[in-house]
Amino acid sequence: MTREAAAEAHAPTQRKRTDVFGVTFLATIGIVMLAWIAGLVWGLMAFMTWLVS
């Protein structure tokens, strides 16, 4: 009985794997948001240029 407990105590623990799908999903959301904000800024600049000229 004590041998079983000792064997279980020395069992290697599994390391947490990074969630590749989650990281990819968050990166995609970040890129899309960045592109959307850049489009808004570009549109605002184009509108202001048109308004001034």
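A residue counts as partly exposed here when its relative accessible area falls between the 20% that bounds buried and the 50% that bounds exposed. That yardstick comes in handy for the aromatic side chains of this predicted model.

The overall layout is quickly told: the protein has two helices and zero strands. As for an interior, 0% of the 53 residues count as buried. The accessible surface adds up to about 5700 Å², and carbon and sulfur atoms account for 73% of that.

Helix α2 spans residues 20-52, and the aromatic pairs are worth a look there. Searching the whole structure turns up two aromatic pairs. One of them is made by Phe21 and Phe25: the ring centres sit 6.3 Å apart with the planes at 15 degrees, so this pair is stacked. Planes have to be under 30 degrees apart for that label. Both Phe21 and Phe25 belong to helix α2, where they are four residues apart, or about one turn of the helix. Phe21 has a relative accessible area of 65% and is therefore exposed. Phe25, at 49%, is partly exposed, because the cut-off for exposed is over 50%.

The rings of Phe47 and Trp50 also pair up, with centres 5.8 Å apart and planes at 35 degrees, so this pair is tilted. The angle is neither under 30 degrees, as stacked would need, nor over 60, as edge-to-face would need. Again helix α2 holds both partners: Phe47 and Trp50 are three residues apart, about one turn of the helix. Phe47 comes in at 43% relative accessibility, so Phe47 is partly exposed. Trp50 reaches 58% and so counts as exposed.

Phe47 and Trp50 turn up once more on the surface, this time in a nonpolar patch. Leu44, Met48, Leu51 and Val52 are in the patch as well, and together the residues of the patch offer about 710 Å² of accessible area. Trp50 thus ties several threads together: this residue lies in helix α2, pairs with Phe47 in a tilted arrangement, and is part of the nonpolar patch, all while being exposed at a relative accessible area of 58%.

Notes:
Residues are numbered from 1 along each chain as its sequence is written. This is a predicted model: local features need pLDDT of at least 70, side-chain atom pairs count only at pLDDT 80 or more; totals for chains, interfaces and linings use all residues. Side-chain values use heavy atoms; hydrogens and water are left out. Buried means under 20% relative accessible area, exposed over 50%, partly exposed in between (1.4 Å probe, protein chains only). Accessible areas come from the Shrake-Rupley method with a 1.4 Å probe; for residues, only the protein chains shown count as cover. Patches are made of residues with over 30% relative accessible area and no salt bridge: like charges are joined within 9 Å, nonpolar side chains (Val, Leu, Ile, Met, Phe, Trp, Tyr) within 5 Å. A salt bridge is a side-chain nitrogen of Lys or Arg within 4 Å of a carboxyl oxygen of Asp or Glu. Rings of Phe, Tyr and Trp (its six-membered ring) pair if their centres lie within 6.5 Å; planes under 30 degrees apart count as stacked, over 60 as edge-to-face and the rest as tilted.
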